Amino acid sequence: MSKNKFMQSGTDNLSQQQSRAFWLRHLHQWHWISSALCLIAMILFAATGITLNHSSQIEAHPVVSKKEGKLPLPLLSQLNALKNTDDAAIPGEVTDWLAQDLGIKLNGQAPEWSPEELYVGLPRPGGDAWLRIALDNGEIEYELTSRGWIAYFNDLHKGRNTGTAWSWFIDAFAVACLIFCVTGLFLLKMHASKRPSTWPVVVFGLVMPLILALMFIH
């Protein structure tokens, strides 16, 4: 081999090594950052995946609590002035009074109006609640049902009645998981030459759920 060809070969090898080092550095950086961001949430979603899969075997013991009261006449008059408007929101004075005097937070839930009463459904993770206000005398009924912490975390897993902020979090968490998985795949590719079992294990991870789905899910 001539001196020029030898030097060219050495230059190519050096360039390949630099390129490999560049991608390894950036892939490792994105991989550990994404894993750190989604680690705790991943543990939560993995654990609740187990509890959801065995929800029929996990006993729930709902706890029901009730509150009663009477709306002051001036506030009741405000409600009666709105009862013929189907999409009217509850006045702020009423929601403030309910929160301060009875500890009932409506969180902007839309009410259902009828000639006799105002009804507000208050679904929440791990439970349910509702509020009824009689429009003739202002009597208040409130009922809260709690199904426990397991039900609460299960509903967080499903995004059930969790609100906009949690929905955004799930989207951000999903993006972090995708980055974690994609960078992990590229890292597997870059290290596969030194680890012969890499691609058989990856293929097994793909084929196993596919076979289960085709054979046992109908």
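**View 1. Gly159 follows helix H4 in this predicted model**. Just after helix H4 comes Gly159, a residue whose phi is positive, with a value near 70 degrees. The helix itself covers residues 149-158, and its buried residues are Ala151, Asn154, Asp155 and Leu156. When looking along such an element, it helps to remember that an α-helix has 3.6 residues a turn, so residues three or four places apart point the same way.

**View 2. Cys38 and Cys177 are not joined by a disulfide**. The structure holds 0 disulfides, and Cys38 is in none, although the nearest cysteine sulfur, which belongs to Cys177, is 4.1 Å away. Why is there no bond between the sulfur of Cys177 and that of Cys38? The separation of 4.1 Å is too far for a bond, because a disulfide is counted here when the two sulfur atoms are within 2.5 Å. Cys38 is buried, with a relative accessible area of 3%, and Cys177 is buried too, with a relative accessible area of 12%.

**View 3. Trp113 lies in strand S2 and is buried**. Strand S2 consists of residues 112-113, and the relative accessible area of Trp113 is 12%, so this residue counts as buried, for which the cut-off is under 20%. Which residues is Trp113 in contact with, leaving aside its neighbours within four places in sequence? They are Leu79, Leu82, Lys83, Thr85, Asp86, Ala88, Ala89 and Leu118. Asn84 can be located in the same view: Trp113 and Asn84 are 29 residues apart in sequence, while their C-alpha atoms are 7.6 Å apart in space.

**View 4. The whole protein chain places the close-ups in context, with 6 helices and 5 strands**. Read along the sequence, these elements follow the pattern α-β-α-α-β-β-β-β-α-α-α. The C-alpha trace spans about 105 × 40 × 25 Å along its principal axes, and the radius of gyration of the protein chain is 29 Å, whereas a compact globule of 218 residues would have a value near 17 Å. Buried residues make up 25% of the 218 residues, and the accessible surface comes to about 15,200 Å², of which 63% belongs to carbon and sulfur atoms. Among contacts between residues at least 6 apart in sequence, 56% join residues at least 24 apart. The protein chain carries 17 positive and 18 negative charges, and the mean positions of these two groups are 25 Å apart.

Definitions and conventions: Residues numbered from 1 in each chain as written. Predicted model: local features only at pLDDT ≥ 70, side-chain atom pairs only at ≥ 80, totals over all residues. Heavy atoms only, no water. Helix = DSSP H or I, 4+ residues; strand = E, 2+ residues; numbered from the N terminus. Rg over C-alpha atoms; globule rule 2.2 N^0.38 Å. Buried < 20%, exposed > 50% of the residue type's maximum accessible area, 1.4 Å probe, protein only. Contact = heavy atoms within 4.5 Å. Areas by Shrake-Rupley, 256 points an atom, 1.4 Å probe, with all protein chains shown as cover. Lys, Arg positive; Asp, Glu negative; His and termini not counted. Charge placed at Lys NZ, Arg CZ, Asp CG, Glu CD.
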